[in-house]
2 protein chains.
Amino acid sequence: MQGLMQDVPLTLDRLFDHAARWHGAREIVSRDADGRVSRTTYAGAHARAKQVSNALRAMGVREGERVATLAWNGARHLEAWYGAIGIGAVLHTLNPRLFPEQIAYIANHAQDRMILADPGCAPLLETLLPQVPSVRDVIFLCDEAGMPRTSFAARDYESWIADQSQQAAWGGFDERLAAGLCYTSGTTGNPKGVLYGHRSNYIHALMTLQVDALALSARDTVLLVVPMYHANAWGVVYSAPCVGAKLVLPGQRLDGASLHELILSEGVTYSAAVPTVWQMILAHLKETKGNLGKLERVTIGGAACPESIIRTLHDEYGVDVIQGWGMTETSPLATVSHPTAEIAALPFDQQVPFKLKQGRLLCNLDLKLTDDEGRRLPHDGKTFGRLKIKGETIASGYFGGEGGDVLDEEGFFDTGDVSTIDARGYMQITDRAKDVIKSGGEWISSIDLENIAVGHPKAHLCAVIGVTHPKWDERPILLVQLKPGESAEKRDFIDFLDGKIAKWWMPDDVVFVDEIPLGATGKIDKKLIRQRMQGYALPFDGTSR
Amino acid sequence: MQGLMQDVPLTLDRLFDHAARWHGAREIVSRDADGRVSRTTYAGAHARAKQVSNALRAMGVREGERVATLAWNGARHLEAWYGAIGIGAVLHTLNPRLFPEQIAYIANHAQDRMILADPGCAPLLETLLPQVPSVRDVIFLCDEAGMPRTSFAARDYESWIADQSQQAAWGGFDERLAAGLCYTSGTTGNPKGVLYGHRSNYIHALMTLQVDALALSARDTVLLVVPMYHANAWGVVYSAPCVGAKLVLPGQRLDGASLHELILSEGVTYSAAVPTVWQMILAHLKETKGNLGKLERVTIGGAACPESIIRTLHDEYGVDVIQGWGMTETSPLATVSHPTAEIAALPFDQQVPFKLKQGRLLCNLDLKLTDDEGRRLPHDGKTFGRLKIKGETIASGYFGGEGGDVLDEEGFFDTGDVSTIDARGYMQITDRAKDVIKSGGEWISSIDLENIAVGHPKAHLCAVIGVTHPKWDERPILLVQLKPGESAEKRDFIDFLDGKIAKWWMPDDVVFVDEIPLGATGKIDKKLIRQRMQGYALPFDGTSR
């Protein structure tokens, strides 16, 4: 027997309709390509999104076709976004910071029909377009005056939509229709596309609006630093309109001074960004002796947040830091480090260890830790395991069938991360599965070792990799890039680590190198390190320890 | 093209699974029938809910069958609830405060298979059971020692579940499966059943957890005064487990002293109740010079909240009052009176007028005001219209097809309320559609007139009804029950109203009566008044005004 409730499909166009009808006067503030700040409202952006829909239909764009954007955060990007998904097209966010050959691979793989791009991306498109024959049209997100000179044909957004009606039918399709496409950065192998559905993104918006998640309200002004091409800006593209939060979209200028100016001038109460953004803002504040105005809280994700950022924002600026964790394949938000009642009652110092973890699972999801054979491991805060996740906001596969069947027999997706979960349910990422060192059946976190070793006063960068060992399968070795002009003995680092780590975690060797290589995103490139260390042999006979 | 996201059905058992796994140690506190306070946890209640599932299966209860409860708020009620819906049975909450013949009608109409009842409901069941042959089993929510004496066979809950396993399969069915049945109080005609689905209640839980709705978190301790038989306690039966809020379930003792004791002893931070509950608590506080401990905020609904409650809770106890509006057919929460950014910036006195409204629409819903012909009316804060609502948490019909097709051609449900919506989106209920007075094409709110007239120092109760008028269709007349010992002229009330209302709202007559009849819920019984006034004729000739 079915319930007797209305059957309204969970399609994302409804969220923007809601914003226009019930929060129509709420502002969307953008820093445009020329640095100037422009303003619209949800009602204004909604009307223009409808014009985009008509312009897309006039071009013959059909349901399921990929409409790509190559753009920073701005109102035109948002309008184009809803204009595309409203008619059932798939909004594909291309990341302008990737190498051109990666973008070309992705756009080809996605078979993008057209690209809406920031004018600043024109040089990139000159390289890109000859390699991506599927792209039939390019629209620059600017007016006629802002058009870049290009060797290829392109139109400006404003004249493209100018003559279009502000009425257009949206929705009316199945809630499982694809809405968005976003490729993972692909640290191993080629990038793979995650194909979000209307239903999955809609449910993600609802679940992330909880107090113990992003906690957005109609009273918030959100500085959206996290790019819209990163999993829908952690879903805020959908959640902010849902509740009528004012949006501040900072464009390409993500330096400390530019962001700080927006925080003060727009009365920002909330922001979402990676830790490095806060490092820049804090450096700027220190230099200018500034303050953070009305800012109350920030969600930090994308990388583990250093303790110093959490403490400085709290102690000096009264801003609460909440870590979040997720990945493109998880829509992305999955865990958030809000305190339990018990932890909230502790003094701040005692809350910090929990703020340093990636947090607790949002309702709607299921999570498990397993060993390599898929057996569940205890939530004791010590045992490392592969982190696997399940729920309607989690990918079931990749676009075009890449990567094959990615779910285990219980329907869980393997995140590729290794983590612990403590008795209170706080999850902490300890390593990537491919970097963790498996020694005698136990796992050693390369990241934990690196974080401790780099505390040595002479160390500039440290990296830990596993090398094969006849008895223990793998043993860790520590690579050290010393600060310029420093010299050290292996013994210095062994002594430094002694007492700070379990005995069996002690690296079997310390190797001094001229350079620890970093990848495009600033993370240590372990793939390259492993290549460079291929001829390396452990200095021991392999029978002891 | 469909998205490539996991397809996990939105079934309500998952919310309780989540609470047990991720908030397992969080308490559920109940005041039992004997007045004592007992404690369990989400993990404990979850294990016992599984036992209930096995006990139900052992009795042969099948998917879709109605398992009724006749009980106050308590942990056993909650366990039985999830035990039933987890296996696909329909949890039907019977309201013990209705007249026995109403309950009998409802239980017969629902064809309830069994009843789980508070021991205090034994006398009621003695009357009820002979009239409801579909009920094959009665379980009392107590242990053996607490069993009441009855002329009918019954079992106690504790021995009923004692031998059952704590493992039971839940879910695995379609998300549109019926989960709950709740009858409207039926002010006109027979009560009608709203049949909630797993999907609709799941989505309702997610949408009501927003900051601008109930805003529950893992740090909250919720005193759930609103009964579980009122639309799933405004959905809190689902939303509290979702986020791991501690639950305090007060049983049958809803007097000011008993509730106040729980607020202090359990560290209650949040409560949901009707205005009269707060009147009792405030009276008790005034008498005892008490305080409200950790209480931060309350949601008040079920009836318009008097300004004095809002001000007293704010000024004297630092508690924020948020009104909510909804009805059984809307799951129930639909609008909530949280401030916009603009209103939040005002001094408290200037916020009060907005707090007195029923609030703004939750995302996920659509709302419209129409005239009797279904034409949309403006949101200007003045124009009255029939309030109609749409969304996946809104009923599409009634159990057994009662009431026929209840949606308009756009799929909206007519709430039977008349309201205004202001330019900021704040909705205010002005009347029931059947009570509003339609005079010359314009609508007059009987409730507004009553609220003003009852301010006359000699008035005890006032009621306004419409009487037919040859020119204006209807005109209002005012019925007054004076305070004991008072006497007054019609003129006194006309003069009192003059200047306080629009000229054309002025009642055409004032009728002094010995008694204004009240219904079972304490509201003025206009149906009875209309019956009594059937022979009444307007004192005017019907051509003027």
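Biologist: How much area is buried between chain A and chain B?

Modeller: Keep in mind that this is a predicted model. The size of an interface is often given as the accessible area lost when the parts come together. Carbon and sulfur atoms give 56% of the area buried here between chain A and chain B, and the total is about 5800 Å².

Biologist: Which kind of axis relates chain A and chain B?

Modeller: Let's try laying chain A on chain B: a turn of 180° with a shift of 0.0 Å along the axis does it, with an RMSD of 0.1 Å. That turn and shift are the relation of a two-fold axis.

Biologist: Which residue of chain A comes closest to the rotation axis?

Modeller: We can look at the C-alpha positions in chain A. At 2.5 Å from the axis, the residue that comes closest is Gln210(A).

Biologist: How many salt bridges are there between chain A and chain B?

Modeller: A good example to find on screen is Arg14(A), which forms a salt bridge with Glu392(B). Their closest N and O atoms are 3.0 Å apart, inside the 4 Å cut-off for a salt bridge. For chain A and chain B, the count is 10 salt bridges.

Biologist: Which helix gives the largest share of the side of chain A that touches chain B?

Modeller: By class, that side of chain A has 41 nonpolar, 21 polar and 17 charged residues. The largest share is six residues, and these come from a helix spanning residues 198-208 of chain A, namely helix α7.

Key: Residues are numbered from 1 along each chain as its sequence is written. Chains are lettered from A and ligands numbered from 1 in the order in which they are written. This is a predicted model: local features need pLDDT of at least 70, side-chain atom pairs count only at pLDDT 80 or more; totals for chains, interfaces and linings use all residues. Side-chain values use heavy atoms; hydrogens and water are left out. Copies are superposed by least squares on the C-alpha atoms of residues with pLDDT of at least 70 in both. Buried area is the accessible area (1.4 Å probe) that two parts lose on being put together, summed over both. A salt bridge is a side-chain nitrogen of Lys or Arg within 4 Å of a carboxyl oxygen of Asp or Glu. Helices (H or I, at least four residues) and strands (E, at least two) are DSSP runs, numbered from the N terminus. Ala, Val, Leu, Ile, Met, Phe, Trp, Tyr, Cys and Pro count as nonpolar, Asp, Glu, Lys and Arg as charged, and the others, Gly among them, as polar.
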